[in-house]
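Student: I am new to this structure and would like a close look at a single part of it. Please choose one charged pair, and then lead me outward from it with care, explaining each term as it comes up.

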Amino acid sequence: MRRVRYDSPGGPLLLEEVPAPRPGPGELLVRCEAVGVTLPVVRKVTEAAEPIALGGEIAGEVVAVGAGATRFRAGDRVTGLCFGHGYADLAVLHECMASPIPRGAGCVDAVALVRSGLVALGALRAARPAPGESVLVTAAASGVGYLAVQLARIGGAGRVVGAVSDRSKAGFVRSLGADDCIQYGDDSWGEPVDCVLDAVGGDLLAPAVAALAPHGRLVAYSSGGGTIRAYDLLVGAKSVIGFQMALIARGRPGTYEEWRQELWRLFAEGALKPAVHAEFPLEEAAKAHEVIESRANLGKVVLRP
């Protein structure tokens with residue numbers, strides 16, 4: 001089978017032929033039909049001290065089941081988070097990280113919706129917006145951000161604002177239901193908001209906190225780091241909340257499943273619409289990474305093995 005790897009920090013990404021893996025206890029072997037490309041994985045390629053397995057969101061058909069795995073069988077369509085080699089024709093997925101793809105949905109829909117949607121929905125729940133409160137979403141055109149904009153609107157936000165790196169993305173963000181769209185470098189981010197969902201971090205944290213109204217809440221779910229001055233929180237009684245989806249998946253499986261079912265329900269009703277910026281064949285994984293690195297994507301970037 002084919003698999004993408006790299007040998008040194010920064011790449012290049014290489015396509016190799018390797019034997020098919022075997023599922024271990026509690027694991028599934030999945031024939032990948034779609035693989036989601038995410039900023040955290042792209043950053044690990046460029047920043048990690050040692051090469052890592054290129055994992056992430058996968059979707060496809062179960063072809064073999066390991067000992068003790070009882071929830072799925074060969075022929076089932078599943079999606080989930082792969083911690084091993086996911087940029088491949090075949091990938092091993094632990095059963096606890098897998099969920100079924102319902103009828104009427106495709107594998108591309110699954111990788112565009114489930115994992116990114118869980119992060120978006122979880123960050124929104126962590127912010128606890130009351131009906132009618134305003135929500136600002138940074139990286140609003142990204143694989144998570146475009147879903148967060150839609151979910152904020154569906155959830156009854158009084159005003160939804162998208163923040164983007166380039167003005168050319170404004171039309172896309174407004175088409176998702178945003179009332180306004182600002183660019184990071186703007187002198188003003190407009191009227192203060194009650195909640196900020198921040199996927200960027202770094203130098204953007206300070207203006208994101210400044211955009212909050214008194215008693216506002218910022219939910220940080222970025223891998224970009226950053227520092228916030230305590231004084232900037234004290235003067236407006238503002239709060240910063242950290243959110244990580246992995247903690248929900250491991251520690252609150254009931255909540256994880258409830259949110260997953262909600263996403264699929266909204267998809268089935270036509271309220272939540274996956275958006276795919278581009279699909280690349282497996283051998284063009286480097287091009288997919290370039291799109292993510294350049295922040296050019298409007299929605300999800302997907303590999304098709």
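Tutor: Let us begin with Glu133, which forms a salt bridge with Arg217 (a side-chain nitrogen of Lys or Arg within 4 Å of a carboxyl oxygen of Asp or Glu), and whose closest N and O atoms are 2.8 Å apart. The pair links distant parts of the chain, since Glu133 sits in the loop between H2 and E8 while Arg217 belongs to strand E12, residues 212-220, and their positions lie 84 residues apart in the numbering. Helices (H or I, at least four residues) and strands (E, at least two) are DSSP runs, numbered from the N terminus. This is a predicted model, in which local features need pLDDT of at least 70 and side-chain atom pairs 80 or more, while totals for chains, interfaces and linings use all residues. Residues are numbered from 1 along each chain as its sequence is written, and side-chain values use heavy atoms, leaving out hydrogens and water.

Glu133 and Arg217 are both buried, a word that stands for under 20% relative accessible area, with exposed meaning over 50% and partly exposed in between (1.4 Å probe, protein chains only). Moving one place along the chain, we come to Ser134, which is found in strand E8, residues 134-138. Ser134 has a relative accessibility of 7%, and therefore counts as buried. If we leave aside its neighbours within four places in sequence, Ser134 is in contact (heavy atoms within 4.5 Å) with Arg159, Pro192, Val193, Asp194 and Cys195.

From here we can turn to Val161, a residue of strand E9, which covers residues 159-164. Val161 counts as buried because its relative accessibility is 1%. With neighbours within four places again left aside, Val161 touches Val135, Leu136 and Val137, and also Asp180 and Ile182. Val161 can also be placed relative to Trp189, which is 28 residues away along the chain, the C-alpha atoms of the two being separated by 9.2 Å.

How many salt bridges does a search of the whole structure find? There are 15, and one group of them deserves a slow look beside the pair with which we began. In this group, Arg3, Arg5, Asp7 and Glu16 are linked in a network of salt bridges. Within the network, Arg3 pairs with Glu16, and their closest N and O atoms are 2.9 Å apart. Arg3 lies in strand E1 (residues 2-5) and Glu16 in strand E2 (residues 14-17), so this pair ties together parts that are 13 residues apart in sequence. Both Arg3 and Glu16 are buried.

The network also contains the pair of Asp7 and Arg5, with closest N and O atoms 2.3 Å apart. Here Asp7 is exposed, because its relative accessible area is 52%, whereas Arg5, at 25%, is partly exposed.

One further charged residue is worth finding, this time in a helix. Arg43 is one of the buried residues of helix H1 (residues 39-47), where Val41, Val42 and Val45 are buried too. Among the elements that cover these buried residues of H1 are strand E3, made up of residues 27-37, and helix H9, made up of residues 285-293.
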